[in-house]
Amino acid sequence: MNITLYFAPISCAIVPYITLTEAGADFEVKPINIRGKSPELAEFNKLNPKHKVPYLIVDEAPLSENVAIQLWIARSFPKAGLLPSDTWQEAQAISLLAWFASGIHPNISRYNSPLKFCDVAGTEDSVKRIARESLLESFKLVDSLLVDKDYFLNEFSAADAYFFWAFRRSGLFDFSLDDFQNCQAHQQRILERPSVQAAIAYENTLIEKFNLTP
Ligand SMILES: N[C@@H](CCC(=O)N[C@@H](CS)C(=O)NCC(=O)O)C(=O)O
């Protein structure tokens, strides 16, 4: 099986990089800079009409959307235990993944690029304020889910990898996440995983190559 991951630094494409690495999968990475205007990005946008990473090609067939990508990785590499084998627990993990992808991620995007969401003059700060308030509300809820827990479920799962990205990405913004002690502890715990360290080391090479400011 040939697996290619289209990956951009500082993006949520780090989630499948982590889970493919956890799975011991053999995969090729195609790096792109989604912030720039390179020929690689133009090629990627032709290939993927959604213009978003992560984008996976498996034996020439494309798969988009992180939730589906996580489900595919988990089911293709069952020994890695990236989703619980119990059906109810698996549904809980997918519920978390879907919330992170559709409830939390869009507010990260709004805070990062408010003008993509409302271009009426003078509304930028308002879009950012509402996105920040929603993020803080979500992190408060996540913090309560992580009380006395190492992971969201019994073991590390794809949900931990996704939240790792969301919280880390939000930590690059200009507001404090210090109140969320359980999320902070979770972040440190996930950072210790070799898969995550490998993903970050690779991401750092691209941050340098593309001359990006995180
Ligand atoms: N719903 C998609 C969202 C993916 C997404 O928004 N990716 C961002 C990076 S974190 C992206 O590719 N942005 C490029 C752009 O908006 O131009 C998923 O869950 O995979």
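Two exercises with worked solutions follow, on a hairpin and on a buried aspartate.

The model is predicted, so local features require pLDDT of at least 70 and side-chain atom pairs pLDDT 80 or more, while totals for chains, interfaces and linings use all residues. Residues are numbered from 1 along each chain as its sequence is written, and side-chain values use heavy atoms, without hydrogens and water.

**Exercise 1.** Determine how strand 3 and strand 4 are joined.

*Solution.* Step 1: recall that strands are DSSP runs of E with at least two residues, and helices runs of H or I with at least four, numbered from the N terminus. Two strands pair if DSSP finds at least two bridges between them. Step 2: strand 3 (residues 55-58) and strand 4 (residues 61-64) run antiparallel and are joined by 4 bridges. Leucine 56 has leucine 63 as its bridge partner. Step 3: the two strands form a hairpin with 2 residues between them, and aspartate 59 in the turn has a positive phi of about 45°.

**Exercise 2.** Describe the surroundings of aspartate 143 in helix 5.

*Solution.* Step 1: helix 5 covers residues 124-145. Aspartate 143 is buried (under 20% relative accessible area, 1.4 Å probe, protein chains only). Step 2: aspartate 143 has no salt bridge (a side-chain nitrogen of Lys or Arg within 4 Å of a carboxyl oxygen of Asp or Glu). The nearest side chain of opposite charge, arginine 189, is 9.8 Å away. Step 3: the side chain of aspartate 143 reaches the backbone nitrogen of cysteine 183 at 2.8 Å, and a polar atom of that side chain lies 3.0 Å from the backbone nitrogen of asparagine 182.

How values were computed:
Buried means under 20% relative accessible area, exposed over 50%, partly exposed in between (1.4 Å probe, protein chains only). Lys and Arg count as positive and Asp and Glu as negative; His and the chain ends are not counted. A polar contact is a pair of N or O atoms within 3.5 Å; within protein, one must be able to donate a hydrogen and the other to accept it, and residues adjacent in sequence count only if both atoms are side-chain atoms.
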